[in-house]
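Biologist: Could you please take me through this model step by step?

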Amino acid sequence: MILGNVCTRRCGFCAVQKGGPLPVDYDEPRRVAEACAALGLKFAVITSVNRDDRKDGGAELFALTIRAIRERIQGCGVEVLVPDFQGSHAAMDLVLEAAPDILNHNTETVPRLYRQVRLGARYERSLDMLAYGDPAAPAGTVSAWTSQGVGPIVARVGPGTGGNPAFSAIDPSLNRPTTDEFTVGAETRPMPGMRVRLAGVMKRQQNRIDLLNTGVPLSSYSLSTIVDGRPASDGGNVLLPVYNRLPSSFGRDQYLLTNNASEEAATFSGVVFSGDIATGPWTFLFGATASQTEGLGANRGFHADENDPGLAGEVFTDPNANTDARGRLFFDRAFTIKLASVYRFAHGVNIGLIARYQDGQPFSRVTVVPDLNQGTDFVRAYPAGDARFSFTGTFDMRLQKGFSAGRARIDAILDWFNLFNLGYEVEERVVTGPEFRYITAIQPPTAVHLGVRVTF
Ligand code: SF4
């Protein structure tokens, strides 16, 4: 902790001494760096008392300390846990110019308790400092692609704010997301040697944290349609909405992190059925799941960081990402089935067979839309779940022979994966058109592994 041991604020939960602050000690950064070196640190976290007596809130000493540690210990990471600097962006800039690896700031408590336990602090001000971010950080600029190459900048995205405090904000009434989950299960033994289990689960996720582009509302787009040419078996030609961004809105992006009250909860429901039967030398195992999800995917696409309701993605910053955004989610496999059996021969020889089937993952095919003001864009052509991406089916076998050697047990194991060399894994074509399913990913072919396991 730098900037002395006396704080100018009086948080009710904090044992740090309060009162008139000490003069700033400009030798402190050097001593902190020496201490980090003596401790052999590879990563240091620096915090401070509040210094409301100083115009920069002590930001200069944070910057000097970051630099001193870097000079003294090559490669040492530095995180700074800074005060709110009374909302001074200039003070924050001073710290960020020293390029800490991590910038952190504690809100400490909920807004309701601020007046009681965080005297001198304001919740909204802390959020503002967090949202201000790093003006020197690279701001992602999105440019239109034209026939002449890279065209005008059409949008700007964080994390850099370019020094514009209005660029990003955090809603002071932001609520954390919540999940309600209900699980119920039962197990029964209908006959000797047989167990059957059934479980059901329901989940509901709400209060998702969303990113809104408040600087570029829907009125900043003109709406038109595009013909999506699908195979006749799949509905033939359909019209899809397309949002064309008006050039007058270019560069006006402003982002707000908030809970979008209009968003419906994401839901998950599923059942798991499993069991085993042991009769004589045979053991049979079986398991099957069936599930269905529904929610708003954060981004276009179907990977975990795209078709997931828990991320703050592009769904409310780009209306073309919002079309058909509600559907089945990445983790949805609809059905899985697993059947296995083991036969125990005499003399410690076992043979096992397992068959597995996993249904495809849902995704939405897309249509590419050229010649928009913002450049080439794309829209979902199907809601996620109307098309399924890939599926897997395999048969595997294990042959095992066990020996006893003193107090140890030795097992010789032969595993044979994908016994029948199946190659059913297919992908559905991501971009719509007459082609639909073709093999793009091949299941791992037959493979044999030999191993020895020694159990002491
Ligand atoms: S500002 Fe920080 S150091 Fe000062 S009293 Fe509050 S919690 Fe303690």
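Modeller: Let us begin with a definition: two strands pair if DSSP finds at least two bridges between them. Strands (E, at least two residues) and helices (H or I, at least four) are DSSP runs, numbered from the N terminus. Please note that this is a predicted model, in which local features need pLDDT of at least 70, side-chain atom pairs count only at pLDDT 80 or more, and totals for chains, interfaces and linings use all residues. Residues are numbered from 1 along each chain as its sequence is written.

Biologist: Which residue stands opposite Thr179 in strand 10?

Modeller: That residue is Gln205. Strand 10 covers residues 194–206, and its pairing with strand 9 is antiparallel, over 11 bridges.

Biologist: How many residues lie between strand 9 and strand 10 in the hairpin?

Modeller: There are 5 residues between them, and Gly193 in the turn has a positive phi of about 85 degrees.

Biologist: Why does strand 9 lie largely in the open?

Modeller: Strand 9 (residues 178–188) lies largely in the open because the number buried among its 11 residues is 0. A residue is buried if 20 or more other C-beta atoms lie within 10 Å of its own, exposed if 12 or fewer, and partly exposed in between, with C-beta atoms placed from the backbone.

Biologist: Turning to the open sheet of 3 strands, what is its order?

Modeller: The order is 8-14-11, with mixed pairing. Strand 8 (168–170) and strand 11 (209–213) are the edge strands, each pairing on one side only. Strand 8 pairs with strand 14 (residues 255–259) in the parallel sense over 3 bridges. Within that pairing, Ser168 has Tyr255 of strand 14 as its bridge partner.

Biologist: Now the interior, please. Which residues touch the most other members of the largest nonpolar core?

Modeller: In this core of 30 residues, they are Ala59, Phe62, Ala63, Ile69, Val80, Met92 and Val95. A nonpolar core is a set of buried Ala, Val, Leu, Ile, Met, Phe, Trp, Tyr and Cys residues joined through C-beta atoms within 7 Å.

Biologist: Which element gives the largest share of this core?

Modeller: Helix 2 does, with 8 residues. Apart from this core lies another, of 25 residues, including Phe167 and Tyr382.

Biologist: Finally, which residues surround the ligand?

Modeller: The ligand is surrounded by Cys7, Arg9, Arg10, Cys11, Cys14, Val16, Val49 and Asn50; a residue is near a molecule if its C-beta atom, placed from the backbone, lies within 6 Å of it.
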